[in-house]
Structures are given as C-alpha cells and as structure tokens.
Amino acid sequence: MSDFDNDSVATIEITLNHVDRALERLRVGTYRTCQVCGSPLELADLVAMPLSANCSSHPELA
Ligand SMILES: [Zn+2]
C-alpha cells in the first residue's frame with residue numbers, strides 16, 4: 001500500500017467518521033432528523049447523500 005499518502009488516509013478517516021456517526025444516528029433514531037434544527041430530512045436527499053446529517057437549510061460542516 002505504498003501509494004497511500006497521508007492526505008488520502010486523512011480523507012478516508014473523515015469519511016469513516018461520518019459513516020460511524022450516521023450509523024449511530026440510525027441506532028438512536030435521529031438519522032432522518034437535521035442535527036441543527038431537528039426538521040425531518042428528505043429521503044431523496046439521504047439517498048443522494050447517505051452521510052448527510054443536516055437539512056438543506058443547514059449545509060453540512062465537516
Ligand atoms: Zn436544519
């Protein structure tokens with residue numbers, strides 16, 4: 001795996017952290033809820049961006 005540079009590894013780790021948080025939200029039942037305002041997320045948005053935690057009014061900040 002010599003072509004694994006540090007930037008790539010960092011990007012992978014961030015993505016995996018988002019997956020972890022999405023799975024946790026699924027477990028506790030807040031997966032379809034905006035983390036900022038609590039309004040329900042559109043299913044179509046989640047299909048397009050399964051790791052999204054916020055509604056369209058509150059764009060995700062990593
Ligand atoms: Zn929101």
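Helices here are DSSP runs of H or I that are at least four residues long, numbered from the N terminus. With that settled, here's a quick tour of this predicted model. The protein has two helices and zero strands. With a radius of gyration of 14 Å, well over the 11 Å that the globule rule gives for 62 residues, the protein is more spread out than a compact globule.

**Overall shape**
- Taken along the principal axes, the C-alpha atoms fit a box of roughly 45 × 25 × 20 Å.
- Not much is tucked away, as buried residues come to 2% of the 62 in the protein.
- Looking at contacts with a separation of 6 or more, 24% of them link residues 24 or more positions apart.

**Helix α1 and what follows**
- Helix α1 covers residues 6–28, and its 23 residues should span 33 Å at 1.5 Å a residue; the end C-alpha atoms are 33 Å apart, so the two figures agree.
- The number of buried residues in α1 is zero, so this helix lies largely in the open.
- Thr-11 belongs to α1, and this residue counts as exposed because it has 11 other C-beta atoms within 10 Å, where 12 or fewer is the cut-off.
- Going from Thr-11 to Cys-55 takes you 44 residues along the chain, and their C-alpha atoms are separated by 23 Å.
- Right after α1 comes Gly-29, which has a positive phi, near 85°.

**Leu-46 in helix α2**
- Leu-46 sits in helix α2, a helix made up of residues 43–48.
- With 15 other C-beta atoms within 10 Å, Leu-46 is partly exposed, because that count falls between the limits of 12 or fewer for exposed and 20 or more for buried.
- Leaving out residues up to four places away in sequence, Leu-46 touches Arg-32, Leu-41 and Ser-52.
- One of those partners, Arg-32, is 14 residues from Leu-46 in sequence, and the C-alpha to C-alpha distance between them is 8.0 Å.

**Ser-52, past helix α2**
- Ser-52 is in the segment after α2.
- There are 19 other C-beta atoms within 10 Å of Ser-52, so this residue is partly exposed; being buried would take 20 or more.
- If you skip residues up to four places away in sequence, the contacts of Ser-52 are Leu-41, Asp-45, Leu-46 and Glu-60.
- Leu-41 turns up among the contacts of Ser-52 and also among those of Leu-46.
- Ser-39 is 13 residues from Ser-52 in sequence, and their C-alpha atoms are 13 Å apart in space.

Methods: Residues are numbered from 1 along each chain as its sequence is written. This is a predicted model: local features need pLDDT of at least 70, side-chain atom pairs count only at pLDDT 80 or more; totals for chains, interfaces and linings use all residues. The radius of gyration is taken over C-alpha atoms; the globule rule is 2.2 Å times the number of residues to the power 0.38. Two residues are in contact if their C-beta atoms, placed from the backbone, lie within 7 Å. The expected span of a helix is 1.5 Å times one less than its number of residues.
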